[in-house]
Amino acid sequence: MNQLQKQDPGLPCTPRLIRSDEREEQERYARCVAELVRAKEAETNRPVFCYLQTFGCQQNESDSEKLAGMAEAMGYRLTEEPEQADLIVVNTCAVREHAEKRALSITGQYKHLKDRKPSLVIAVCGCMVSQEKNLEKFRRSCPYVGIAFGTTFLYRFPEILYRHLCDGKRIFLSDAGSPGNLAEGIPVRRSSPHSAYVSIMYGCNNFCTYCIVPFVRGRERSRTPEAILAEIRSLAGQGYREITLLGQNVNSYGRDLPEPTDFPALLEQICSVPGDFLLHFMTSHPKDASERLFDVMASQRKIAHHLHLPVQSGSDRILAAMNRHYTSGSYLETVGKLRKRIPDIVLSTDLIVGFPTETEEDFECTLSLMREVRFDSVFSFLFSPRQGTPAAEMDGQVSESVKRERMKRLLDLQEEISLSRNQDLVGSVFPVLVEGISKTDSTTYTGRTEGGKLVHFRAGEGEDPTGRILPVRITKACPHNLIGEPVSE
Ligand code: SAM
Ligand code: SF4
Ligand code: F3S
């Protein structure tokens with residue numbers, strides 16, 4: 001039986017593949033929890049519920065689908081109501097201070113639920129508690145949190161929960177210094193019946209100077225093509241229409257495998273899986289986005305004409321200080337090669353505003369790159385110093401007021417560009433995967449084009465088109481979405 005020990009920060013930097021006997025051990029723990037859950041159901045004469053709250057990126061959403069799968073295997077029913085829950089799991093993100101503050105504050109709000117229902121178990125996991133300092137923060141300031149574990153321990157959720165349920169002792173496990181695990185075969189409860197995430201690799205080796213991810217997610221580790229293809233076959237067989245491959249830098253996929261392969265080769269293999277599905281992937285690091293990748297994207301019908309290619313800044317000096325290994329010139333060249341092969345590519349990016357020492361001139365370089373590339377959409381972030389990363393210690397930190405003023409100018413410019421790019425689409429017909437009824441208007445459906453653009457349209461009387469791909473003519477453009485009408489098929 002494994003001992004729940006704190007990981008040794010001096011661990012070798014080789015990620016650990018979880019063996020099948022370790023997985024079976026977790027399945028045994030899951031059955032033991034299920035027995036406790038059944039006993040509680042019999043005692044209380046009601047179902048036992050788990051509520052999951054997720055912060056952060058798609059990688060965390062995908063992890064939460066595994067937490068949900070494990071919770072179901074342990075007999076819990078999933079609920080959208082924290083008040084109803086017997087188990088609350090908060091899956092945290094550490095990428096910016098704001099995300100950490102929200103996780104702490106939301107967890108704090110669950111204290112009163114624990115006061116009312118002392119048997120409630122509150123668990124905190126994910127990137128934030130992968131760091132010792134945050135684990136300590138939760139341990140000291142949230143005595144109502146019974147369990148906390150970093151990303152390395154995700155596959156051991158049944159064991160951790162079982163031990164806590166047996167003796168009520170608090171269990172706090174950080175994975176400081178761990179290179180990370182690679183676990184296959186964890187049950188998954190997908191949140192959509194049409195779109196699915198598939199992680200093809202975990203962790204990151206790039207150490208951009210602002211970023212905490214390599215510290216909380218460990219080193220890059222790729223799943224084998226066989227494991228990925230088996231998952232894709234199963235999803236295609238179940239009728240999933242959209243599959244998004246996930247990794248912090250999918251372009252370095254396979255480099256760590258005993259039989260090295262690469263991302264374009266993996267894409268080709270996935271595209272040969274029978275089924276009517278569209279492939280997206282994220283994130284691509286510009287330094288590794290190759291012409292071979294673009295050739296495969298152009299030649300494979302199943303790959304969406306969409307690329308998320310985070311540039312972060314338009315200033316070469318700042319890009320060097322960020323350790324990004326490309327220049328604005330080489331980025332523009334990459335975009336040129338991509339657009340030559342796929343003229344209708346939908347291009348999105350990430351930008352950081354106010355990196356240390358960023359001057360007005362550096363910021364102008366970012367605006368000028370935006371004007372030149374004309375991204376379809378931009379995810380922009382105020383630089384947030386992350387303790388332990390080089391950028392947090394750099395001289396020349398930019399004041400919050402300057403960051404905010406620059407952010408406003410950046411958003412104003414992107415609003416103009418996004419609107420003008422969307423206006424170019426008015427009159428065209430696009431296949432749209434219908435996601436469901438709009439959250440704000442019950443007479444309108446929402447869906448996405450192949451490039452990921454949000455489209456609202458009124459469906460005709462009759463059958464609900466959710467989950468289908470409908471041809472929709474764009475009638476109006478807004479900066480963040482399109483309005484359309486279905487055309488007969
Ligand atoms: N691996 C991806 C890449 O290299 O582009 C991105 C991963 S990160 C989870 C998503 C985005 O968060 C980054 O592209 C960056 O723009 C932003 N980000 C990361 N660290 C940040 C920080 N300290 N402050 C502000 N934004 C940050
Ligand atoms: Fe962070 Fe850079 Fe890795 Fe992306 S590539 S996760 S920004 S360190
Ligand atoms: Fe994602 Fe946040 Fe972790 S962005 S990888 S959940 S630090």
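This report describes the confidence, ligand surroundings, nonpolar cores and some local backbone features of a predicted model.

The protein averages a pLDDT of 94, and 97% of the residues score at least 70. Over residues 1–12, however, the pLDDT is below 50, although this stretch has 32 contacts in the model beyond near neighbours in sequence.

**Ligand surroundings**

Ligand 2 is surrounded by Cys204, Asn206, Phe207, Cys208, Tyr210, Cys211, Val213, Pro214, Gln248, His285 and Arg324, a shell that by class holds 7 nonpolar, 3 polar and 1 charged residues. Around ligand 3 lie Gly56, Cys57, Asn60, Cys93, Ala94, Val95, Cys127, Arg217 and Gln248, and these divide into 5 nonpolar, 3 polar and 1 charged. Gln248 thus appears in the list for ligand 2 and in the list for ligand 3.

**Nonpolar cores**

The largest nonpolar core has 65 residues, of which Leu245, Phe263 and Phe281 touch the most other members. Leaving aside neighbours within four places in sequence, Phe263 is in contact with Ile200, Leu245, Val250, Asn251, Tyr253, Phe281 and Leu293. Apart from this core lies another, of 28 residues, including Val33, Met74, Leu161 and Leu173.

**Ser418 and its contacts**

Ser418 lies in helix 15, which spans residues 400–423, and is buried, because its relative accessible area of 4% falls under the 20% cut-off. A polar atom of the Ser418 side chain lies 3.0 Å from the backbone oxygen of Asp376. When neighbours within four places in sequence are left aside, Ser418 is in contact with Asp376, Ser377 and Pro479.

**Backbone features in loops**

Most residues other than glycine have a negative phi, and most peptide bonds are trans. The peptide bond from Met282 to Thr283 is cis, with omega near 10°, and Thr283 is placed in the loop between strand 13 (278–282) and helix 10 (291–299). Two residues other than glycine that have a positive phi are set out below.

| Residue | Phi | Loop between | Relative accessible area |
|---|---|---|---|
| Gln312 | near 75° | strand 14 (306–308) and helix 11 (316–321) | 6% |
| Thr357 | near 75° | strand 15 (346–353) and helix 13 (360–373) | 30% |

Gln312 counts as buried at 6% relative accessibility, whereas Thr357, with a relative accessible area of 30%, is partly exposed.

Notes: Residues numbered from 1 in each chain as written. Chains lettered and ligands numbered in written order. Predicted model: local features only at pLDDT ≥ 70, side-chain atom pairs only at ≥ 80, totals over all residues. Heavy atoms only, no water. Helix = DSSP H or I, 4+ residues; strand = E, 2+ residues; numbered from the N terminus. Buried < 20%, exposed > 50% of the residue type's maximum accessible area, 1.4 Å probe, protein only. Polar contact = N/O pair within 3.5 Å; in protein donor to acceptor, adjacent residues only side chain to side chain. Contact = heavy atoms within 4.5 Å. Near = heavy atom within 4 Å. Nonpolar A, V, L, I, M, F, W, Y, C, P; charged D, E, K, R; others polar. pLDDT = per-residue confidence, 0-100. Core = buried A, V, L, I, M, F, W, Y, C linked by side-chain atoms within 4.5 Å.
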